[in-house]
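Reader: I'd like to go through this one with you and ask where the labels come from. Can you show me the structure before I start?

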Amino acid sequence: MEKLSYSTLEKLGYKGYLKKEAPERILQFGEGNFLRAFVDDFVDIANEKCDFNTKVLVVQPIGTGRADAVNQQDGLYTLYRRGFESGKAVNEKRINSALSRCLELKNGYGEFLQAAHNPDLRFVVSNTTEAGIVFEDDCRFDDTPPASYPAKLTRFLYERFTAFGTQKGKGLVILPCELIDFNGEELEKCVKQYIQLWNLEPAFTEWLDKENMFCSTLVDRIVTGYPAAEAEKLQAENGYIDEQLDTCEIFGLWVIEGPQSLKEELPFEKVGLPVLITDDHRPYKQRKVRILNGAHTSMSLAAYLAGQDIVRDCMEDQDIYNFTKNAIFDEIIPTLTLPKAELEEFANAVLERFKNPFIDHSLLSISLNSVSKWRARVLPTVKDYVLKTGQLPARLTFGFAALLAFYHAVRLQDGKLIALRDGQEYTVQDDAFVLEFFDAHKNDAPQDLVAAVCANTRMWGEDLNQLPGFAAEVTGYLETINKVGMQQALKQLG
């Protein structure tokens with residue numbers, strides 16, 4: 001078989017949609033699985049459905065990557081979207097033709113800077129990991145290239161300023177996809193730090209402010225990447241070799257904080273793509289964190305102790321499914337500010353995502369650092385629910401008791417907490433001070449353990465004993481779990 005390329009598809013008589021030529025209107029930092037299954041997927045569909053007429057110029061921002069492999073396939077790759085939708089399993093395949101080429105900066109830095117002179121360029125997207133948006137003061141203007149992503153971007157923007165600084169409308173819309181809060185604001189802050197460090201002229205700062213836009217975004221799609229176990233089978237079915245195969249779930253959401261005028265420039269919503277442009281992305285961030293992540297954190301530890309190992313199987317257990325659904329609809333949604341219909345639609349999509357037959361999402365993987373996750377994802381909901389109703393949310397409170405049961409130690413060994421499920425050891429992974437605390441309290445009676453845990457302000461940022469009735473209710477749930485087991489305790493909760 002030949003490697004995937006335009007000529008290979010022509011030989012195979014491929015009749016599907018392809019966009020071979022278009023202006024490079026997007027500069028993308030990152031050639032990895034996520035952006036190819038997210039932004040580039042949306043671009044390819046928009047090219048087909050509304051003549052978006054855009055190619056993506058990809059930059060490999062670090063020394064090693066897949067630039068050569070991308071170019072050998074003319075930027076083409078096969079994307080499989082897989083999930084559970086409207087009550088049935090879905091497996092969709094699409095050859096993506098959004099990418100034009102991929103630049104490797106070590107040997108192609110001059111070509112990278114030359115791209116700043118392209119009058120058609122309008123957007124910059126990035127996914128350089130959460131650690132990518134950082135200011136490193138040892139980066140220099142004359143580095144080829146500078147090490148940090150914000151330094152590279154600053155250098156690129158300066159090059160564009162020198163080319164188009166006197167023209168209006170040649171600035172860029174910058175759309176970071178890194179998973180940090182207010183990613184657009186943080187990236188702009190780093191860029192301005194480099195302007196100061198490098199002593200660049202005030203006119204550049206003025207142009208940056210007037211002609212460019214840094215948008216904070218929220219991204220949501222599980223990307224499972226290269227399907228190594230299935231690759232040989234898929235290659236045979238397709239009739240070509242594709243070293244850039246990518247897989248993701250059906251669900252996707254991209255929330256962009258920016259002016260409504262962006263809807264004309266990014267017509268994704270017009271063709272039914274899950275891209276929302278809003279003047280405030282925070283309610284959507286809160287919705288994701290509290291419903292999707294909060295449900296994961298509340299359910300996963302209890303489900304593991306009830307004998308489950310992956311999320312999908314939890315949705316087949318009626319007691320766990322009821323717990324999760326009722327926690328979302330009865331306890332989490334009432335604390336949120338978006339319209340109820342939108343919240344319920346998102347919640348139903350979350351439950352379908354949990355059922356995805358193509359993703360084996362490990363409960364032990366979700367359990368990593370559960371203390372800080374509970375503090376960020378669940379505690380705000382508990383407090384808001386109490387303020388709104390005067391009562392504790394039963395399932396979220398039970399989830400806290402399940403956390404204590406999950407962290408019940410046998411011993412601390414090599415910096416890891418060892419615990420037991422049905423006589424079999426499992427490992428609890430968290431910050432060292434958390435593990436040491438639970439090891440020190442492993443012989444406490446339930447009431448004493450709950451009081452000590454709730455009083456640990458380093459864990460929660462406050463003393464949870466001050467939350468009326470919380471410690472007593474957690475103690476009651478923990479005693480029930482210890483007495484009848486997790487599965488039966490969930491059943492009794494209803």
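Reader: What makes aspartate 209 count as partly exposed?

Author: Keep in mind that this is a predicted model. Aspartate 209 has 40% relative accessibility, and partly exposed is the label between the buried limit of 20% and the exposed limit of 50%. So 40% earns aspartate 209 that label.

Reader: How do you know that lysine 192 forms a salt bridge with aspartate 209?

Author: By distance. The closest N and O atoms of lysine 192 and aspartate 209 are 2.7 Å apart, and the cut-off is 4 Å, so the pair qualifies. Lysine 192 sits in helix 7 and aspartate 209 in helix 8, 17 residues apart, and the pair links distant parts of the chain. Lysine 192 is partly exposed too, at 31% relative accessibility.

Reader: Why is the contact between lysine 285 and aspartate 181 called a salt bridge?

Author: The N to O distance between these side chains is 3.1 Å. That is within 4 Å, so the name applies. Lysine 285 belongs to helix 11, while aspartate 181 is in the loop between strand 7 and helix 7, 104 residues apart. Lysine 285 has a relative accessible area of 27% and aspartate 181 has 48%. Both values lie between 20% and 50%, so both residues are partly exposed.

Reader: What separates lysine 210 and glutamate 206 in helix 8?

Author: About one helical turn, because they are four residues apart. An α-helix has 3.6 residues a turn, so residues three or four places apart point the same way. The side chains of lysine 210 and glutamate 206 meet in a salt bridge at 3.1 Å, N to O. With a relative accessible area of 60%, lysine 210 is over the 50% limit and so counts as exposed. Glutamate 206, at 44%, is partly exposed.

Reader: How many salt bridges does the structure hold, and which residues are linked in a network of them?

Author: There are 35 salt bridges in the structure. The network links Asp41, Arg81, Glu92 and Arg221.

Reader: Arg221 rings a bell. Which residues is glycine 252 in contact with, leaving aside its neighbours within four places in sequence?

Author: Asp220, Arg221 and Pro274. Glycine 252 lies in the loop between strand 10 and strand 11. Its C-alpha is 6.1 Å from that of proline 274, though the two are 22 residues apart in sequence.

Reader: Is glycine 252 buried or exposed?

Author: Buried: its relative accessible area is 8%, and under 20% is what the word asks for, so glycine 252 passes.

Reader: How do you know that the span of helix 7 agrees with what its residues should give?

Author: Helix 7 has 15 residues, which at 1.5 Å a residue should span 21 Å. The end C-alpha atoms are 21 Å apart, so the two values agree.

Reader: And why do the buried residues of helix 7 line one face?

Author: The buried residues in helix 7 are Asn183, Gly184, Leu187, Cys190, Val191, Tyr194 and Ile195. Seen down the helix axis, they fall within an arc of 145°, so they line one face. They pack against helix 6, strand 7, helix 8, strand 8 and strand 9. Just after helix 7, asparagine 199 takes a positive phi of about 55°.

Reader: What volume does the largest pocket have, roughly?

Author: About 1,300 Å³. Of its 42 lining residues, the closest to the centre are Leu179, Val219, Lys288, Asn293 and Arg377. Helix 11 gives the most to the lining, with 10 residues.

Reader: Staying with helix 11, what makes histidine 296 count as buried?

Author: Histidine 296, which is in helix 11, has 9% relative accessibility, and that is under 20%, so buried is the right word. Leaving aside neighbours within four places in sequence, histidine 296 is in contact with Val311, Phe354, His361 and Ile366.

Reader: What makes methionine 486 count as buried?

Author: Methionine 486 comes in at 5% relative accessibility, under the 20% limit, so it counts as buried. This residue is found in helix 23. Not counting residues up to four places away in sequence, methionine 486 touches several residues, among them Ala302, Leu305 and Phe398. The C-alpha atoms of methionine 486 and leucine 305 are separated by 6.1 Å, with their positions 181 residues apart along the chain.

Methods. Residues are numbered from 1 along each chain as its sequence is written. This is a predicted model: local features need pLDDT of at least 70, side-chain atom pairs count only at pLDDT 80 or more; totals for chains, interfaces and linings use all residues. Side-chain values use heavy atoms; hydrogens and water are left out. Helices (H or I, at least four residues) and strands (E, at least two) are DSSP runs, numbered from the N terminus. Buried means under 20% relative accessible area, exposed over 50%, partly exposed in between (1.4 Å probe, protein chains only). Contact means heavy atoms within 4.5 Å. The expected span of a helix is 1.5 Å times one less than its number of residues. The arc is that of the directions from the helix axis to the C-beta atoms. On a 1 Å grid over the protein atoms alone, a cavity is a set of points where a 1.4 Å probe fits but cannot get out, and a pocket is an open set with protein on both sides within 12 Å along at least five of seven lines; lining residues have an atom within 4 Å of a point. Grid points are joined across faces, edges and corners, and a volume is the space filled by probe spheres set on the points.
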